[in-house]
Amino acid sequence: MGGHSAGLAFDIVAMGEPMYEFNQRKGAGPRDWLGGFGGDASNTAIAAARLGARVAFVTGLGDDAFGTAFRELWTAEGVDHSAVKTDPAAHTGVYFVTHGPEGHAFSYLRAGSAASRIAPADVPHELIRGARVLHASAISQAISASACDAVFSAIETARAAGVTVSYDTNLRLRLWPLDRARAIIEATAALSDILLPGLDDARLLTGLEAPDAIADHYLAKGVKIVALTMGKDGALIATPERREIVAPIKVAAVDATGAGDAFDGGFLVEWLASGDAFSAGRFANVAAGLSTEGYGAVDPLPRRAAVEARLAR
Ligand SMILES: O=C(O)C(=O)C[C@H](O)[C@H](O)CO
């Protein structure tokens, strides 16, 4: 069972696929893999919990060592996993990260995973109704048709209950073809309050080049806040009234795996605390920068004190 008592309301309920991570550090030999944790929505959940939010996660895990490791991780991080299902007929997803001149690359062992077998019947509607934010990503949808249906069902519940819908457009073309991804992501963006796209993905999805045009595109769908991450160019935060570019912080980056997820977690935590999209953008930008200073998606996710110290500099 999860790290919180039943009945407690959560700031954030996140859903998606957790994946055990094997990370081959730069210069490491072919047998030298660092074990860790990944899966974009789980990374975001842990990032938010480390920064002070009350978070619950929704997914499926295999009845295997990786599934057990995830439950231990979430318990240690204070992420509630009482709504996570153990599926004895499927495995927990696994992925491998390698580092080359073009940056990091992923290989997946995830087809048929327990998370991909999640369906609308597994959605914990009461948990979602009691939360302040529901967070999901396009990866949460791309893993299977039933998981995609589950995300739509969760969003419908959130919207009906006035729960803020947060959505990361994380595009993985190995999981679905661009046309299908575009159709689903456009439809989901129109149901979202906070949209967290990356610039490269957004360019492919919208066919637009300029960050401002991309922000306009999504705001016109009714999105209230667009937080567009732009890598070395920082992030563009846009609301219907105002927009601001946040410059990236200087870091000794070794691995960008999970930086976007750290951004999402930081953004949601600070937005929940202040209601201000622009201070949320600055906070998230620091959380994302600091998350690149170590290997793995989860281990280097910063705690609140580290983000605040860096913001104060
Ligand atoms: O690529 C995916 O599907 C993952 O979720 C693995 C990584 O943890 C994630 O991409 C990092 O953002």
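## Close-up views of a predicted model

**View 1. Polar side chains meet the ligand.** A polar side-chain atom of arginine 172 sits 2.7 Å from an oxygen atom of the ligand. Taken alone, the ligand exposes 320 Å², and the protein buries 97% of that. Keep in mind while looking around that this is a predicted model. Tyrosine 95 also brings a polar side-chain atom to an oxygen atom of the ligand, at 2.8 Å. For asparagine 43, the gap between a polar side-chain atom and a ligand oxygen atom is 3.1 Å.

**View 2. The shell around the ligand.** How many residues surround the ligand? There are 13, and the closest are Asp40, Tyr108, Arg110, Arg172 and Asp261. Sorted by class, the shell has five nonpolar, four polar and four charged residues. Two elements to pick out here are α1 (40–50) and β9 (103–109), since each supplies at least two residues of that shell.

**View 3. Aspartate 255 in its loop.** Look for aspartate 255 in the loop between β15 and α9 (259–274). Is aspartate 255 buried or exposed? Its relative accessibility is 1%, so aspartate 255 counts as buried. The side chain of aspartate 255 makes a polar contact with the side chain of threonine 257, at 2.5 Å. A polar atom of the aspartate 255 side chain also lies 2.9 Å from the backbone nitrogen of glycine 296. Leaving aside neighbours within four places in sequence, aspartate 255 is in contact with Asn23, His99, His104, Ser291, Thr292, Gly294, Tyr295 and Gly296. For a sense of scale, try proline 18: it is 237 residues away from aspartate 255 along the chain, and the two C-alpha atoms are separated by 19 Å.

**View 4. The buried side of helix α8.** Helix α8 runs over residues 211–219, and its buried residues are Ile214, Ala215, Tyr218 and Leu219. Why do they end up on the same side of α8? They cover an arc of only 130° around the axis, and that puts them there. What do these buried residues pack against? The list is α6 (178–189), β12 (194–196), α7 (199–206), β13 (225–229), β14 (235–238) and β15 (243–246).

**View 5. Helix α7 and the glycine after it.** In α7 the buried residues are Leu199, Asp201, Ala202, Leu205 and Thr206. Because their arc around the axis is only 155°, they share the same side of α7. Their packing partners are α6, α8 and β13. After α7 comes glycine 207, and its phi is positive, near 75°.

**View 6. Leucine 195 in strand β12.** Leucine 195 belongs to strand β12. With 0% relative accessibility, leucine 195 counts as buried. Which residues does it touch, not counting those up to four places away in sequence? Leucine 195 touches Tyr167, Thr169, Ala189, Tyr218, Val223, Ile225, Val226 and Ala227. Tyr218 may ring a bell, as one of the buried residues of α8. Serine 166 is 29 residues from leucine 195 along the chain, yet their C-alpha atoms are separated by 5.9 Å.

**View 7. Threonine 157 on helix α5.** The last stop is threonine 157, found in helix α5 (residues 145–160). The relative accessibility of threonine 157 is 10%, and the cut-off for buried is under 20%, so threonine 157 counts as buried. Not counting residues up to four places away in sequence, threonine 157 touches His125, Ile128 and Arg129.

Notes
Residues numbered from 1 in each chain as written. Predicted model: local features only at pLDDT ≥ 70, side-chain atom pairs only at ≥ 80, totals over all residues. Heavy atoms only, no water. Buried < 20%, exposed > 50% of the residue type's maximum accessible area, 1.4 Å probe, protein only. Helix = DSSP H or I, 4+ residues; strand = E, 2+ residues; numbered from the N terminus. Arc of directions from axis to C-beta. Contact = heavy atoms within 4.5 Å. Near = heavy atom within 4 Å. Polar contact = N/O pair within 3.5 Å; in protein donor to acceptor, adjacent residues only side chain to side chain. Areas by Shrake-Rupley, 256 points an atom, 1.4 Å probe, with all protein chains shown as cover. Nonpolar A, V, L, I, M, F, W, Y, C, P; charged D, E, K, R; others polar.
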